[in-house]
Amino acid sequence: MTNDILIFAEQRNDKLHPAALQLVTPARALAAKTGGRVVACVIGQALSAAADAMAQAGVDRVVTMSDPALANYSALRYRTALAAVMEKVQPRVTLLPATFMGRDLAPRVAARLKAALATDVVDLTIDADGALDVGRPVYNGKALCRVRFPKDRPALASVRPNTFPAPQPGGNTAARDSLPYTPAPGDERIEVQEIARTGGAIKDVTEADIIVSGGRALKSEENFKILFELAEVLDAAVGASRAACDAGYQPHSRQVGLTGKTVTPRLYIACGISGAIQHLAGMRGSKVIVAINSDKEAPIFKLADYGIVGDLFKVVPAITAEVRRLKG
Amino acid sequence: MKILIIVRQVPDSTTNIKIQSGGQDIERAGVKMVVNPFDEFAIEQAVQLKEKRSDVSGVTALIVGPAAAAEALRTALAVGADDGIHVQVDSYNALDELQTAALIAAVVRAGGYDLILTGKQEIDLDSGQLGPALAELLDVPHVGATVKLEVAADGKSLVARRRIEGAEEVVRVHLPVLLTCDKGLCEMRYPSLPNLMKAKKKPVKVVTPAEVPGFGDLMAGVGGTKMHSFQPPPERPPGKIIPGEPEEAARELVRLLREEAKVI
């Protein structure tokens, strides 16, 4: 094992996931403590733009593994690929983004390499004994748990998106090398047949910096139109509470909450959402929270940074108009 | 086709979570425990397959946990699982998830299961390691966050839709396979009282770690993270209520989001 920190730089179609760049910040901080280097690996087929973006983000080395068989994510092919990179680089710590891909991949790789893993972490440090020690939210964000890793085995951690800022792009001084993908027996057992975009051109809640979300108070699918209008001017995604999804106003793919998606956007605007624990669990990690609700006692106001007590059918269009006016 | 469901027991999501004064764990006394909501989808999916297909030879539910976890196993049996395996460990936090996966792998490896179903993640520790790690240790493919499932008529392969950012991936895999279940796959039926009574008569095999060959080496061989302290989440500063008529409040909100919070 070296003192290096490895980043799994998630990409799809040669486009880095924003959360991949954000990993450079904690990786640099860890490398400063271990005295190692920061190595990024990019796995896929066409990946020159993604590899360049990583190289300009201040890493010491970029390792690429390019193969037609890696064009789409497959849990089996990618675990073989990442495990091969880890065996070559021998990093002390490997960071992945806690995205759908990172969450799917990290446990397989950790089990394969007899490593240790913590998922969805928001804080990383090396303790006095030289062991990785991380913080992660548990019990729907009602507690923060610190987790210590064993010192003698490789550590993997998936990092919650939007926890760390991405570094400013700088000069391209990273060393480059590539590794071949050698399939493990049985890697072909998963065959991706299709990737079907849901929600058309509208952003998904897990990929948006801003989310406009609606609850049962919207009263109908038709009424969600005012949220989509606000989302459009803010370049935001539209989310919904469980109550709104269960009532059929929006598909479950937009549900934010305990049994829906967990989101950590820069700005979360909750419209007509009372703030049931089930919903708060999915969005309390948002940087700035705005609540618009006619009930001034609604629990969402306890969490909100800014609140407007009023009729969302009047307030939301007024916000849309104001943003539109400022954007000219 | 032999089906295995992995079930977990978690604190009810509406429970008030209190941290012990020393910060080593949460207060467990008086906390209502329920079946992990994502595992409910796995239970229902398994039972539906058994009801629809003649080639399902059995549905086994497995749980790792203390004696009290038997209750969650009973729910799975009441919904329609045929038998249970209770791997009894002293407490919920005794092993980390990779170690739990290694323990389950050792217990079920010889079982010849064709389809293994579990929830996408557990709602208490939210780690989501168990499914993919268990699949790796059993050397079977897995499909994570499954929202739709169609098993081929010959029972040899299946097509699953899984959720990813802004899209759904359609994947075809050969059995044996492990699926982690996400919201949207199905909703678990409510077990009826007669079925709850019948569940008590269904066989449950209790396995203790001492009965698992090489248990110590197995646990020393993977994972080993320790949760050593719990803290309340960082407090958010009190929010600002913006007064005024809708237009006025909206204008002020947009100003604050631009100038104070700098998020738009």
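# Exercises on a two-chain model

In chain B, strand S1 (residues 2–7) and strand S6 (residues 115–119) run parallel and are joined by 4 bridges. That is our way in; keep in mind that this model is predicted.

**Exercise 1.** Find which residue of S6(B) stands opposite Ile6(B), then work outwards to the sheet around that pair.

*Solution.*
- Step 1. Look across from Ile6(B): in S6(B) you meet Thr118(B).
- Step 2. Now follow the strands sideways. The open sheet holds 10 strands, in the order S13(A)-S9(B)-S8(B)-S7(B)-S10(B)-S6(B)-S1(B)-S4(B)-S5(B)-S11(B), and its pairing is mixed.
- Step 3. Check the ends. S13 of chain A and strand S11 (204–207) of chain B are the edge strands, each pairing on one side only.
- Step 4. Look at the twist: ignoring direction, neighbouring strands of this sheet are turned by 30° against each other on average.
- Step 5. Add the helix. H4 (residues 130–137) of chain B packs on the sheet and touches S1, S6, strand S7 (142–151) and strand S10 (177–181) of chain B. The direction of this helix makes about 85° with that of S7(B).

**Exercise 2.** Chain A lends a strand to that sheet. Work out how S13(A) pairs with S9(B), and how many residues of each chain are in contact with the other.

*Solution.*
- Step 1. Recall the two options: strands of a sheet pair through backbone hydrogen bonds, either parallel or antiparallel.
- Step 2. Here, S13 (residues 190–197) of chain A and S9 (residues 167–174) of chain B go antiparallel, over 7 bridges.
- Step 3. Pick one bridge as an example: Ile195(A) has Glu169(B) as its partner in S9(B).
- Step 4. Zoom out to the whole contact between the chains. It brings together 79 residues of chain A and 68 residues of chain B. On chain A's side, that's 40 nonpolar, 16 polar and 23 charged residues.

**Exercise 3.** Chain A also has an open sheet of 7 strands. Give its strand order and its edges.

*Solution.*
- Step 1. Read off the order, S7-S11-S6-S1-S4-S5-S12 of chain A, with parallel pairing.
- Step 2. At the edges sit strand S7 (116–121) and strand S12 (175–178) of chain A, each pairing on one side only.
- Step 3. Neighbouring strands are turned by 20° against each other on average, again ignoring direction.
- Step 4. Try one pair up close: S6 (residues 93–97) and S11 (residues 155–159) of chain A are parallel over 5 bridges. Thr94(A) faces Leu156(A) in S11(A).

**Exercise 4.** Describe helix H4(A): its reach, some of its buried residues, and what follows it.

*Solution.*
- Step 1. H4 of chain A covers residues 75–89, 15 residues in total. From first C-alpha to last it reaches 21 Å, close to the 21 Å expected at 1.5 Å a residue.
- Step 2. Its buried residues include Leu76(A), Tyr78(A), Leu82(A), Val85(A) and Met86(A), as well as Arg77(A) and Arg79(A).
- Step 3. Just after the helix comes Gln90(A), with a positive phi near 55°.

**Exercise 5.** Why does the radius of gyration of chain A agree with a compact globule? Then set out the overall figures for both chains.

*Solution.*
- Step 1. The radius of gyration of chain A is 21 Å, and a compact globule of 328 residues would be near 20 Å, so the two agree.
- Step 2. Fill in the figures:

| Chain | Helices and strands | C-alpha span | Buried |
|---|---|---|---|
| A | 10 helices, 18 strands | about 60 × 45 × 40 Å | 59% of 328 residues |
| B | 7 helices, 13 strands | about 65 × 45 × 40 Å | 48% of 264 residues |

Definitions and conventions
Residues are numbered from 1 along each chain as its sequence is written. Chains are lettered from A and ligands numbered from 1 in the order in which they are written. This is a predicted model: local features need pLDDT of at least 70, side-chain atom pairs count only at pLDDT 80 or more; totals for chains, interfaces and linings use all residues. Helices (H or I, at least four residues) and strands (E, at least two) are DSSP runs, numbered from the N terminus. The expected span of a helix is 1.5 Å times one less than its number of residues. A residue is buried if 20 or more other C-beta atoms lie within 10 Å of its own, exposed if 12 or fewer, and partly exposed in between; C-beta atoms are placed from the backbone. Two residues are in contact if their C-beta atoms, placed from the backbone, lie within 7 Å. Ala, Val, Leu, Ile, Met, Phe, Trp, Tyr, Cys and Pro count as nonpolar, Asp, Glu, Lys and Arg as charged, and the others, Gly among them, as polar. Two strands pair if DSSP finds at least two bridges between them. The radius of gyration is taken over C-alpha atoms; the globule rule is 2.2 Å times the number of residues to the power 0.38. Axes are lines fitted to C-alpha atoms, for helices over the stretch in contact, and angles run from 0 to 180 degrees between N-to-C directions.
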